[in-house]
Every structure is written in structure tokens, then in C-alpha cells.
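This report goes through the packing of side chains, the meetings of rings and charges, and the backbone of one chain. It is meant to be read beside the structure shown here.

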Amino acid sequence: MSIATSIEIDAAGLYYKELNAQIRDAVSEGALKVVLKNVTGQRYIGTNLYGTVDRDTLRKLEIEIHGTPGNDLGMFLDGPTITVHGNVMDGSGNTMNHGRIVAHGRAGDITGFSARGGEMFIKGNAGYRVGIHMKEYGDMRPVMTIGGATQDFLGEYMAGGVVIILGLTLKPGEAHYCNHVGTGMHGGMIFLRGNIEPHQIGTGVGMPELTDKDAELLTNYIAEYGRLFDTDVSEIKLEDFTKLAPLSVRPYKQVYAY
Amino acid sequence: MKIEEHQNNNPSKPAQRKASDFKIRSNRLSEFAVQRDYDRCIKCEVCIKQCSFDVHYRDEEDDLIKHRPENCVGCHRCAVMCPTAAISITPNPAQYRAHGSWSGEHVKDINRQAETGGVVLTGSGNDKAAPVYWDRMLINASQVTNPSIDPLREPMELRTYIGAKPASVKVKDGKLASEMPPQIKIQMPILFSAISYGAISYNVQKAIAEAAEELGTLYNTGEGGLHPDFYKYKDNTIVQVASGRFGVHPDYLNAARMVEIKIGQGAKPGIGGHLAGEKVSESVSITRMIPMGTDAISPAPQHDIYSIEDLRMLIFALKEATNYRVPVSVKIAAVHNAAAIASGIVRAGADVVAIDGFRGGTGAAPKAIRDNVGLPIEFALAAVDQRLRDEGIRNQVTLISGGGIRCAADIVKAIALGADAVYIGTAALIAVGCTLCQKCYSGKCNWGIATQNPYLAKRVNSEIAKNRLVNLVQGWSHEIKEMLGGMGINSIESLKGSRSQLRGVGLTSEELDILGIRPAGM
């Protein structure tokens with residue numbers, strides 16, 4: 001292969017269509033690492049890679065972003081790892097299938113919306129409707145770890161997957177400020193570290209005890225969060241987590257007159 | 001006469017019926033009456049086996065086939081299948097006292113809700129008697145001047161191209177020199193509209209896909225994902241992206257000739273959908289990529305679309321995901337401001353706008369919404385086409401209209417009003433056996449269409465169903481050609497938006513204005 005396996009693209013002044021076409025060409029020609037410099041709001045990075053290389057190669061692909069990518073980062077992502085040295089905007093990991101998104105900063109609204117697989121790590125806070133309608137299927141289960149806190153409607157309509165909220169940005173004693181958490185939830189789990197009042201949680205959502213499996217999962221993801229962001233996670237205790245899970249997989253069964 | 005005699009004038013029979021002879025449900029009057037001609041009945045039990053609603057049963061003690069009319073949904077499966085034609089299903093002659101305001105339907109629905117506290121569900125399309133404007137428009141024909149054309153003798157073009165059209169093209173050396181937006185060539189202006197696997201059975205979706213393939217047109221997966229077996233029909237597939245995002249991933253998006261964003265549906269504008277857990281079988285679960293037995297919930301809005309700008313974002317996300325190879329359609333329900341919304345959709349970059357009228361079908365919808373929300377497609381279509389023309393952007397999209405297209409004449413009228421093509425759904429299901437009993441949501445469809453019960457679903461043979469669909473569309477295509485020929489037109493392109501070919505009967509001047517047609521006689 002003639003091309004270096006790592007390629008750098010200067011995104012300054014490029015329209016998203018052009019930037020994404022350049023990424024697509026680089027991956028088609030065999031790049032396994034694409035470094036994007038000066039990214040300023042270009043949308044859909046990582047979305048257009050279907051058909052470039054085989055599935056296994058796509059799963060090895062790394063995209064490193066310096067700057068601030070635009071909305072729908074990694075939408076429909078199916079394999080690659082995207083690392084962002086900065087904040088991400090709305091819709092990161094939208095309808096993601098496989099892969100990983102790591103953001104060394106904050107995230108906007110609907111982060112991980114409708115994701116069916118893959119992993120997301122957000123260092124700081126995230127916006128509204130995070131993890132909304134996340135799903136899972138077979139061995140595909142998305143896991144989203146957010147270092148800070150989120151706004152309202154966290155995990156609304158959630159049908160599967162795992163959302164972990166570490167609450168590291170909350171001041172000592174400060175409670176979570178998100179309302180309507182898990183409204184319409186009928187699958188998956190939310191683990192929330194820090195205080196949350198029952199009135200902040202949607203109806204139909206229960207607070208079961210953590211199982212051994214939950215503890216193992218949390219421990220692994222907390223450790224990975226610490227490693228990725230070079231953060232001391234030793235003070236994060238499992239007993240500080242509240243688990244939220246749906247009471248029924250058929251929340252709307254009683255709604256209708258048959 | 002003494003009362004005792006009256007009660008028991010046949011000493012061989014006990015005075016009281018058995019408990020099993022009594023209605024099993026509520027104080028509602030049965031909607032249908034089941035009449036069984038016992039002289040004809042051979043007790044073969046076909047009716048018992050055919051009915052999933054437990055209407056017919058054998059009474060061992062009396063050695064008779066009996067029925068529970070209160071369970072009957074009026075699908076007529078038993079009557080059709082009875083080998084001796086012993087059964088007839090009729091509207092129950094016993095009705096509540098007639099009332100100009102409170103129909104029997106209102107009374108029954110109130111009882112249903114008083115018993116359950118729930119939302120009244122229904123299936124199929126709006127069955128109310130709001131005017132059907134297709135029936136109030138008449139088509140022109142040539143006489144003497146501009147001679148009519150016989151499609152059996154002369155070429156007649158129904159070929160339709162789906163996709164955005166540029167404002168101008170350059171031609172060099174007799175060849176197109178401009179880069180065209182993606183186009184799909186279909187052989188007639190008729191597409192099969194979105195019906196998900198989940199709402200309908202595997203065999204029916206397979207039949208529709210194969211019919212589209214044979215006819216050279218497209219079918220639409222609906223929002224239920226694409227079964228692995230159906231990827232082979234990709235050249236004739238439209239995949240849908242709806243609020244549930246079921247089974248949406250790069251393979252799915254790239255398996256299609258067109259991607260359609262479903263914003264709304266004529267049968268239930270403004271609300272989402274819930275595929276009941278009972279219908280999420282193993283195979284449906286594979287297709288939707290959700291666990292078996294869970295409710296498949298499509299939220300009312302798409303949570304990444306709260307504005308036209310957001311819609312543009314999703315349109316271009318899909319274009320990126322498919323590398324700009326395929327047109328992107330946006331489907332909306334016909335609602336009051338459809339024209340302004342459609343304008344926004346075009347400006348958001350859609351290649352196709354699909355408008356679904358309030359008679360469009362559904363696998364399940366609250367009856368209050370199905371029967372009361374939305375607009376007749378005739379008005380929405382005319383208003384959208386006019387608005388896009390006024391704004392000079394009509395060429396930027398293909399306009400597909402659906403929701404209540406019943407026959408070839410409706411299609412001719414739709415195209416004259418401004419549509420490029422039509423979606424047919426209910427008509428296709430009728431072609432494979434649907435009798436419009438409207439119980440699609442129950443999952444118990446006796447005709448094997450709207451069910452995932454393997455015992456019921458195997459009643460549809462996909463090859464026979466495919467042939468019936470092909471026959472229907474071919475028949476309609478021939479009728480369209482005849483009507484075009486009658487107008488002296490030899491190409492469907494020449495009919496598009498040609499409202500001068502239509503005249504209204506029995507319409508107010510405002511209605512005529514909205515439809516953009518003149519009254520008959522003028």
C-alpha cells in the first residue's frame with residue numbers, strides 16, 4: 001500500500017462534505033489512523049465510511065480530532081474509534097452501531113441518541129436528552145459513560161444499553177439537576193452517582209439494588225474512564241450509585257382498549 | 001297461558017341455556033350477526049379453524065357448531081371458507097335506538113372505554129363518510145381535435161423518474177453534460193407504500209418486494225428494519241428511518257435505492273407508534289434489532305428533529321451515510337399547514353416529499369386520531385404543488401402522494417393535481433386478501449396479513465400474493481394508459497400538474513380554488 005497508515009488532514013476552511021470526502025478517500029486508500037487538525041464545527045465526521053474497507057479494518061480505524069467537531073459526530077458509526085480533543089456538539093453517536101467515541105470535554109444534546117452498540121466516554125457534562133431511546137440487541141449493547149452531569153430527559157424512552165453518570169462536576173453535596181429521567185424507559189439501565197430525588201425520575205422507573213454483574217460493569221467502565229482521561233477515580237465508590245431500570249418491558253400495555 | 005308453560009314448552013329441552021351459550025363479554029351489542037344455516041352446515045369445523053377470534057365452537061353436548069357473535073370482527077374469512085356456504089356475517093340487525101347524534105359506534109366505544117379505561121385502538125384507514133374529493137373530480141377526454149390515442153396500438157409512456165430535478169441542464173454532443181442528482185427509474189408512477197415487517201407478516205412483505213421487482217417499481221420497508229432475507233430485493237427497496245430508528249445502520253441504509261425519513265403518517269399525524277410486544281416475534285426481533293416480546297416504541301417526534309434546520313441535518317446525515325448515491329425522501333402526514341411544511345422540507349434538501357392523506361392505513365392507531373386528524377390528500381396535494389410552484393422550487397423534488405388511492409382513476413387525478421407518483425398500501429393489502437375489518441392491531445388477522453402468528457401467516461402464499469399484486473398494478477397501469485390516450489396524451493409526464501384536465505362536480509368555489517380546477521361545464 002502506497003499511503004502511510006496514518007494521515008493528517010487540515011480541516012481549516014473545509015466544508016463538511018469536502019472534509020468527510022477526504023476522510024473517506026484516506027480510509028479507502030488504507031489509512032488506519034486519520035488525524036484531523038483545526039476542526040471547526042464540521043458535521044457527520046465518521047458517518048460516511050460504509051463500503052470503504054471491510055468491517056474488521058473499520059473496527060481498527062482511529063480518527064483523532066483536534067478542535068470542535070460539529071453536530072452528529074459519528075452518526076451511524078460502525079466500527080471506528082473517534083477521539084476528540086475538545087468538546088462535542090449535539091447528536092454525537094446518533095444511531096451508532098459499533099465503535100467508540102471519546103470526548104475530552106463536554107457534550108451537547110441527544111448524545112448517544114438511539115445508539116444500538118459501541119461505547120462513548122464524555123469527560124465532562126452533557127446536555128439534554130442524553131441516551132434517549134438507546135437500544136440493545138443480542139450481544140450489541142451501547143455503554144455511555146459521562147464524567148459530569150446532564151440536563152433533563154436523560155435516558156428517555158430508553159429501550160436498552162447502559163448510561164453511567166459519574167457526577168464528577170457536581171460540587172460536594174450538590175444534587176443532580178436533571179428532571180424527567182428515564183420517562184418511558186422500557187429497557188436498559190442508568191447508573192447515577194450522587195443525589196437524585198424521586199420526583200426527578202419518570203414514572204415506570206424503578207431503583208433496584210446493584211447486582212454483582214452491575215458492580216463489575218461499573219468498576220470496569222470507571223477504570224477505563226480514569227485511564228482515558230488520566231483522572232483519579234479512586235474516590236468513586238459503588239455505594240454512591242443509584243441504579244434506574246424500567247419496571248416493565250411493556251409500558252404501554254395498559255393504555256389501550258381492545 | 002300460564003307462565004310455566006311459556007317457559008318450558010319443550011319438555012325434552014331444559015329451560016335454561018348453558019353458561020357456555022352466553023356472551024363472554026360486557027354489555028356491548030355485538031357489531032355483527034352470525035347466521036348459520038343448520039340445513040347446510042356439515043359440522044366440518046372449517047369455520048372454527050379459520051377464526052382466530054373464537055367466534056365458532058363445537059358444542060359437544062348438543063352436537064352442533066355454534067357461535068359467539070360478540071367476538072366477530074366482520075372479516076368474513078369463515079363465510080368465504082365455508083364449503084357449503086352455510087355462514088353469513090351481517091351487521092347486527094339488533095342496534096341501539098337510532099339517534100342523530102349518538103351513533104351506535106359512539107355508544108359502543110363509550111362502553112369499551114368504560115370497561116377498560118383505555119384508548120380505543122383501530123387499524124386500517126379512516127372509514128368515516130367525509131367527502132372523497134377524487135369522486136368529485138372528473139377527467140377530460142379528446143373529441144375531434146387533438147385525437148385520442150389507443151395505447152394498444154401506439155407507445156404510451158408511464159416511466160417515472162424519482163429524484164430532484166435541476167433547474168436547467170446542459171447538453172453536449174447530444175448527451176447530458178450536467179451532473180444530475182440521483183434518479184430512480186420506475187416503470188409506472190405507482191410505488192408500494194411503507195408497511196413494516198411486524199405490522200404485516202413475512203410472506204406479505206416478501207410478496208410486495210417481489211411484486212415491486214417484477215413490476216420495476218419500489219416498495220417501502222416501513223420503519224421496522226429490513227429482514228436479512230430481503231436484502232436481495234435492494235434494487236427495489238426504499239428503507240425508512242423513523243423516530244424509533246429500528247434496524248437502522250449503515251448496511252440497511254446502503255441496501256436501498258432511496259431512504260425515507262418518516263415524520264408522519266396520514267392515519268395518525270403527530271403521534272408515534274407502538275408495536276405491541278406480542279407481535280415482536282423472533283424474526284421481527286431480528287429485523288428491528290430489539291429483544292423479543294418488548295414493545296417497539298416509536299416516539300412521536302424524531303428526537304433529533306425539532307425544526308426544519310434539524311431536518312436538514314438528518315437529510316444530509318443520510319446523504320453522507322449513503323455517499324450521496326440515493327435520493328432522500330421525507331414523508332409527512334397531510335395536515336393544515338402541509339404546504340408551508342413541504343416548502344421547508346424542499347429547502348432542507350429533500351429529493352422527494354411524500355404526503356400521506358388522512359385516509360391512509362395503519363397497523364394500529366387511536367381511533368380518535370385516525371378519524372379526526374389530518375386532511376384529505378386531494379387538498380394537501382393541490383396546496384403543496386401550488387405552493388412549490390409559486391416559490392419556484394417544484395422541480396427540486398418529486399412529489400409522491402398516498403393515503404386513499406383506490407383505483408387507477410384516483411392516480412390519474414392525483415397526477416393531474418400535481419403528484420409525480422403515488423404510494424399504494426391499503427389497495428395492495430386488499431389485493432392479497434384484506435377485507436378491511438380494521439383489527440390489524442390485534443395480531444390475529446385471519447387473512448394472514450397483519451399477524452406474526454405462524455398458523456395464520458401461512459395462509460398467504462407469497463407467490464400467489466405477488467401475482468395478485470402484479471396483476472393489480474398492471475391492470476391499473478393499463479387503465480391509466482387508456483385514460484391518457486383518451487386525453488390525447490402519450491406520456492404520464494405530460495399529465496403532471498395539468499389541472500385543466502380535471503373538472504369539479506358539486507364543489508364550492510373555495511374547494512375549486514384550493515384544488516385549482518374549474519367546475520364541470522366551464
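## Rings, cores and backbone

Y202(B) has a relative accessible area of 24%, so this residue is partly exposed, falling between the 20% below which a residue counts as buried and the 50% above which it counts as exposed. The model is a predicted one, and the values that follow are computed from it.

Y202(B) forms an aromatic pair with Y197(B), whose relative accessible area of 3% makes it buried. The two rings of Y197(B) and Y202(B) meet edge-to-face, at 6.1 Å centre to centre and with 75 degrees between the planes. Through ring pairs, Y197(B) and Y202(B) are also linked with F230(B) and Y233(B) into a cluster.

A search of the whole structure, over all chains, finds 8 aromatic pairs. One of them joins Y225(A) and F229(A), whose ring centres lie 4.9 Å apart and whose planes stand at 70 degrees, so that this pair is edge-to-face. Both Y225(A) and F229(A) are buried. They belong to helix 3 of chain A, residues 212-229, and because they are 4 residues apart in that helix, about one helical turn separates them.

Two lysines are placed over aromatic rings. The charged end of K135(A) sits over the ring of F246(B), so placing a residue of chain A over a ring of chain B, at 5.5 Å from the ring centre. Within chain B, K319(B) lies over the face of F316(B), at 5.1 Å from the centre of that ring.

The ring pairs and the charge placements described above are set out together here.

| Partners | Arrangement | Distance |
|---|---|---|
| Y225(A) and F229(A) | edge-to-face, 70 degrees | 4.9 Å between ring centres |
| Y197(B) and Y202(B) | edge-to-face, 75 degrees | 6.1 Å centre to centre |
| K135(A) and F246(B) | charged end over the ring | 5.5 Å from the ring centre |
| K319(B) and F316(B) | lysine over the ring face | 5.1 Å from the ring centre |

In soluble globular proteins, nonpolar side chains tend to be buried together. The largest nonpolar core of this model has 123 residues, and F192(B) and L253(B) are those with the most contacts inside it. At least three residues of this core come from each of two domains of chain B, namely domain 1 (24-116) and domain 2 (134-519). Apart from this core lies another, of 47 residues, which includes I9(A), L77(A), I82(A) and I146(A).

Chain A has a secondary structure of 3 helices and 12 strands. The radius of gyration of chain A is 19 Å, close to the 18 Å given by the globule rule for 258 residues, and chain A is therefore as compact as a globular protein of that length. Its C-alpha trace spans about 60 × 50 × 30 Å along the principal axes, and 58% of the 258 residues of chain A count as buried. Among contacts in chain A between residues at least 6 apart in sequence, 53% join residues at least 24 apart.

Two loop residues of chain A, neither of them glycine, have a positive phi. For R129(A) the angle is near 55 degrees, and this residue lies in the loop between strand 6 (119-122) and strand 7 (143-146). For Y157(A) the angle is near 60 degrees, and its place is in the loop between strand 7 and strand 8 (159-165). R129(A) counts as buried because its relative accessibility is 13%, and Y157(A) counts as buried because its relative accessibility is 16%.

Methods:
Residues numbered from 1 in each chain as written. Chains lettered and ligands numbered in written order. Predicted model: local features only at pLDDT ≥ 70, side-chain atom pairs only at ≥ 80, totals over all residues. Heavy atoms only, no water. Core = buried A, V, L, I, M, F, W, Y, C linked by side-chain atoms within 4.5 Å. Buried < 20%, exposed > 50% of the residue type's maximum accessible area, 1.4 Å probe, protein only. Domains from an automatic or database assignment. Phe/Tyr/Trp six-rings, centres within 6.5 Å; stacked < 30°, edge-to-face > 60°. Helix = DSSP H or I, 4+ residues; strand = E, 2+ residues; numbered from the N terminus. Lys NZ or Arg CZ within 6 Å of the ring centre and 35° of its normal. Rg over C-alpha atoms; globule rule 2.2 N^0.38 Å. Contact = heavy atoms within 4.5 Å.
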